[in-house]
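Good morning, and thank you for coming. Please take a moment with the sequence and the structure before I begin.

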Amino acid sequence: MTRDPFITDNLFSSSLDTDLSHVPPHLLTIYALSLGCISNFTCREAACNALLAVLACLLLAISPSIETPFITLQSSNRVLGVDAPILTLPVCPVCRNVYPSASSRLSHDECTDCNVPLFLPSQTKRGNDRSTKTPIVKYPYLPLSEQIKSMLKIPGLEAILDDWRSKPRSVGTYTDIFDGDMCRKKLKDPDGKLFFSNSPGEKSGPNDELRIGVNLGIDWQLSCKYRYRTANLLCTSILPGLKEQNPDQIQRFLRPIVSDLLRLWKNGIKVLTESCPEGRLVRVILVAVIPQLWSACLPVDASGEVLNQRLDVIQRLETQKQRKKQGTDAYALEKARIAQENLALAEAKKTAKLKAAAAKEAEKLRLATEKKARAALKCTKPPPPPPPQFNQQDAGDDSENLDDLKFSLHPDDPDNFLKLCSALRILVRYVICDVDINEADRLLREYTTGLIKLYGATPGTAYYGELLEIFQFELRSGDSVWFGRMRWFKPWHGTSSKVWDDFTSVDICLWELGEYIDQDTQLPALIDLDWITGQVAMTTVSIGDTRTKVWATILIPN
């Protein structure tokens, strides 16, 4: 079995607390103040640097002989020992595979799949030697295990992480992840026992271990007043590149994060804590991957009356927008008229130039023909056709058509959108119950159904496609619904003989051979199986003088 290169003994070694006995007390106070400003009050780094510089000037003014602090946050944090070293992992420029850092004994100089160098040359373009190996593509990565060590140094945080064990619970009410069945009954540790076991004799955790559950996206285990503090938001890595990574590349960048999570779940790490100065074993498990939801659509105490008021506001804004648009129509028409006149004038000038060039070419051809005739050459050559003319009027019409194709809001969409707002307002509450979950589920279903009715296919219109798969979705009520995943045929718009036009009366349609409609169209990729009205038979036929091959389909009677 190949060893995971991101799990090494020296990479996640436990480190003791920084010795601060040699640092003067006034410097410790100043450094702690700057650290608290950026951790708890979301101050900018530039503001913290300015604060350190001002305090240094004040100390010099009070006592020129006193030791002054560093004037940058990076230096002050280094003195306190609160900044864990961030690893710079090399990434293959071609396949985006991630490899261990240059300091690891399992590091690679080239990509094992592409044989492409991972690091810059040892010498610069000017011939100077590089002091360190620098990756061509850098992937900044801070292991979760190192961040947990820093977090547990915060006084009182260990007790908060263990507070869920003694918190009273109510069936059907959800305040944190431990109210659900996933954490209480399903998540297992490496021995097959409950990871979050809370037996009467385990007030400090199984074997006095600190068990932590993390969610990729949001950490709901901390209470609300601690959840979004900067110090408690764990940023493990920053994806490199000038553009967004595709899903396959994302999996490669997640590899070191997953390796760290596996080690924290299986072996754990020993961390010096308040309750165990000699060290306490900490295990971590990934509870869920949750996208971060921010809802500012409605107030927390919004009622039906408030929703109607918001709907009236949206409709009033839409009315004002329409009136404003009507007021600008006259100006737009005048501007379009002037533009058309300018285009016509430019077209006339261009046509005159083309006629002059064509006359000149015809005169040259006539002289050449007479010269050949005098040489007794009996050959005739028709004059070449004039060069094709570019109609700028057509280009202008195309741009206007593109403007007409812009997506516009359906008049009934604001009312439907408020259902989504109401569902999000319920889901982001600090405390929810089963009734709230069922209500949010109903609102979301009505919202998605409304989208299909507002922007879906036109009623009574038949669409043709290929049914790729059928799958079942289980509802909370115990019922199940069936969906189908479709791939829609792309209509063929070429020139065909009249006989094919006559075939349309018997439901024969022509389609592009091997082509399908893009996914970003309004035709849904998932459909209700009740939408299927019949089956079609398909074959390949040749159309026109060029014998273009296309698909032909015909409906099969039920």
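Is Glu469 buried, partly exposed or exposed? Glu469 has a relative accessible area of 37% and is therefore partly exposed, since that category lies between the 20% limit for buried and the 50% limit for exposed. I should say at the outset that this is a predicted model.

Let me stay with Glu469 and its partner. Glu469 forms a salt bridge with Arg485, and the closest N and O atoms are 2.8 Å apart. Because Glu469 belongs to strand 8 (residues 465-474) and Arg485 to strand 9 (residues 480-491), the pair ties together parts that are 16 residues apart in sequence. Arg485 is likewise partly exposed, at a relative accessible area of 35%.

That pair belongs to a wider set, as the structure holds 20 salt bridges. As a general point, side chains of opposite charge can pair when their charged atoms come close. Consider next Lys133, which forms a salt bridge with Asp109, with 2.6 Å between the closest N and O atoms. Both Lys133 and Asp109 lie in the loop between strand 1 and strand 2, so this bridge ties together parts that are 24 residues apart in sequence. Lys133 is partly exposed, its relative accessible area being 44%.

Arg283 offers another case: it forms a salt bridge with Glu209, the closest N and O atoms being 2.8 Å apart. Here the pair links distant parts of the chain, with Arg283 in strand 6 and Glu209 in the loop between helix 6 (181-186) and strand 4, 74 residues apart. Are these two residues buried or exposed? Both Arg283 and Glu209 are buried.

I turn now to the nonpolar interior. The largest nonpolar core has 25 residues, of which Ile148, Ile212, Val282 and Val284 touch the most other members. Among the elements that give two or more residues to this core are strand 1 (87-91), helix 4 (144-151), strand 4 (210-216), helix 9 (255-266) and strand 6 (280-289). There is also a second, separate core of 9 residues, including Phe178, Phe195, Phe196 and Ile285. In soluble globular proteins, nonpolar side chains tend to be buried together.

Some nonpolar residues are found on the surface instead. Leu467, Ile470, Trp482 and Ile532 form a nonpolar patch there, with about 360 Å² of accessible area together. Where does Ile532 lie? Its place is the loop between strand 11 (526-528) and strand 12. Ile532 is partly exposed, with a relative accessible area of 39%.

Strand 12 brings us to a hairpin. Strand 12 (residues 535-543) pairs with strand 13 (residues 548-556) in the antiparallel sense, over 9 bridges. Within this pairing, Met538 stands opposite Thr553 in strand 13. The hairpin has 4 residues between the two strands, and Gly544 in the turn has a positive phi of about 75 degrees.

Finally, I would draw attention to helix 12. Helix 12 (residues 413-427) has 15 residues and reaches 22 Å from its first C-alpha to its last, close to the 21 Å expected at 1.5 Å a residue. Its buried residues include Asp413, Pro414, Asn416, Leu418, Cys421 and Arg425.

To close, I return to the opening pair: Glu469 and Arg485 form a salt bridge, and Glu469 is partly exposed.

Technical notes:
Residues numbered from 1 in each chain as written. Predicted model: local features only at pLDDT ≥ 70, side-chain atom pairs only at ≥ 80, totals over all residues. Heavy atoms only, no water. Expected span 1.5 Å × (residues − 1). Buried < 20%, exposed > 50% of the residue type's maximum accessible area, 1.4 Å probe, protein only. Core = buried A, V, L, I, M, F, W, Y, C linked by side-chain atoms within 4.5 Å. Pairing = 2+ DSSP bridges. Patch = residues over 30% accessible without salt bridge, like charges linked within 9 Å, V, L, I, M, F, W, Y side chains within 5 Å. Areas by Shrake-Rupley, 256 points an atom, 1.4 Å probe, with all protein chains shown as cover. Salt bridge = Lys/Arg side-chain N within 4 Å of Asp/Glu carboxyl O.
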